[in-house]
Amino acid sequence: HTYLENSVNNFLLDLTKPHGLEQTLYRWDDAGMDGGQITSTNGRSVWSSSGVSNVLYRADVGSHGVATWGQCNFSKFFTFPGVVCIPNNTQAIQMEVTPSAKYDTVVYVLYSGDTNALVAYAGYEDTAPILSTMNLPNANASNTVLDFAIRSDIIYMLHNDGLVSLSPVTDNLGLSVNASSFNVSILLEKNGILAPRGGFTLGPITVDTFSNVYV
């Protein structure tokens with residue numbers, strides 16, 4: 001949510017319970033950072049975007065922090081630990097938080113705008129090192145990346161032209177070249193689902209525990 005005076009974000013919900021307030025299990029203090037458009041968790045660390053400024057922050061540490069990520073001019077009144085400064089004229093459009101044996105937690109962020117890249121950060125390091133960067137086609141390109149998902153050390157990237165490219169995460173957490181790919185639009189047409197006149201509008205991508213891909 002984006003109403004600052006509520007002062008909590010994110011919410012942990014149990015969607016198996018009947019609809020109502022009882023679905024809310026927990027909420028985290030947002031320390032005045034405000035809610036944004038994306039959030040992600042690996043069950044331990046919770047990351048979110050800020051609606052006040054162009055930053056990402058760790059929601060699970062509240063005002064009792066673990067790390068300070070850079071110096072952002074997002075507020076003169078609040079200091080929030082675990083902050084990632086987003087480059088100017090660039091938007092974080094998706095984020096995945098994954099466990100790691102070497103770094104405990106790795107945060108993958110998909111940027112679009114002046115910077116078009118998939119960047120991996122060490123999620124619990126004091127100096128917030130960038131582990132790797134995969135440069136991507138610019139936002140106006142037909143094959144620009146719209147969304148991504150990670151499952152079993154494979155990064156699935158959904159492109160604007162319907163292509164889904166698979167890129168395995170290497171042992172040192174670098175991002176390798178695409179190992180394989182398939183095209184969603186072609187698969188739909190092969191199964192008798194024809195694109196409308198303006199073409200398909202591709203939305204988010206997610207992958208289940210059986211490696212089934214949903215777009």
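This is a chat about two antiparallel sheets and a few individual residues in a predicted model.

Student: Which strands make up the sheet that includes strand 8, and in what order?

Tutor: It is an open sheet of four strands, ordered 7-8-9-10, and the pairing is antiparallel.

Student: Which strands stand at its edges?

Tutor: Strand 7 (90-100) and strand 10 (130-135). Each has a single partner strand, so one side of each has no neighbour in the sheet.

Student: And the twist, on average?

Tutor: The average is 15° from one strand to the next.

Student: How many bridges hold strand 7 to strand 8?

Tutor: Ten bridges, in the antiparallel sense. Q94 has L110 in strand 8 as its bridge partner. The connection between strand 7 and strand 8 is a hairpin through three residues.

Student: What about strand 8 and strand 9, how many bridges there?

Tutor: Six bridges join strand 8 (residues 104-113) to strand 9 (residues 117-122), and the two run antiparallel. V107 is opposite Y121 in strand 9, and V109 has V119 in strand 9 as its bridge partner. A hairpin through three residues links strand 8 to strand 9.

Student: Is strand 8 largely enclosed or open, and why?

Tutor: Strand 8 is largely enclosed by the rest of the structure, because eight of its ten residues are buried. Buried here means under 20% relative accessible area.

Student: Switching to the sheet with strand 11. What is the strand order there?

Tutor: The order is 11-12-13-14, again four strands in an open sheet with antiparallel pairing. Strand 11 and strand 14 (180-183) are the edge strands, and each pairs on one side only.

Student: By how much are neighbouring strands turned against each other in that one?

Tutor: By 20° on average, with direction ignored.

Student: How many bridges join strand 11 to strand 12?

Tutor: Six, and the two strands run antiparallel. One of the facing pairs is A149 with Y156 in strand 12.

Student: Where does S152 sit?

Tutor: S152 is in the loop between strand 11 (145-151) and strand 12 (154-159). D153 is also placed in the loop between strand 11 and strand 12.

Student: What is the phi of S152?

Tutor: S152 has a positive phi of about 55°, although it is not a glycine. D153 likewise has a positive phi, near 60°, and is a residue other than glycine.

Student: Are those two buried or exposed?

Tutor: S152 counts as exposed because its relative accessibility is 56%. D153 counts as exposed too, at 54%. The cut-off for exposed is over 50%.

Student: Now I205. Where is it, and is it buried or exposed?

Tutor: I205 is in the loop between helix 1 (184-190) and strand 15 (206-207). I205 is buried, with a relative accessible area of 5%.

Student: Which residues is I205 in contact with, leaving aside its neighbours within four places in sequence?

Tutor: On that basis, I205 is in contact with D147, F148, A149, Y156, L158, V164, V213, Y214 and V215. A149 and Y156 came up earlier as the pair facing each other across strand 11 and strand 12.

Student: How far apart are I205 and F148 in sequence and in space?

Tutor: They are 57 residues apart in sequence and 6.2 Å apart in space, taken C-alpha to C-alpha.

Technical notes
Residues are numbered from 1 along each chain as its sequence is written. This is a predicted model: local features need pLDDT of at least 70, side-chain atom pairs count only at pLDDT 80 or more; totals for chains, interfaces and linings use all residues. Side-chain values use heavy atoms; hydrogens and water are left out. Two strands pair if DSSP finds at least two bridges between them. Axes are lines fitted to C-alpha atoms, for helices over the stretch in contact, and angles run from 0 to 180 degrees between N-to-C directions. Buried means under 20% relative accessible area, exposed over 50%, partly exposed in between (1.4 Å probe, protein chains only). Contact means heavy atoms within 4.5 Å.
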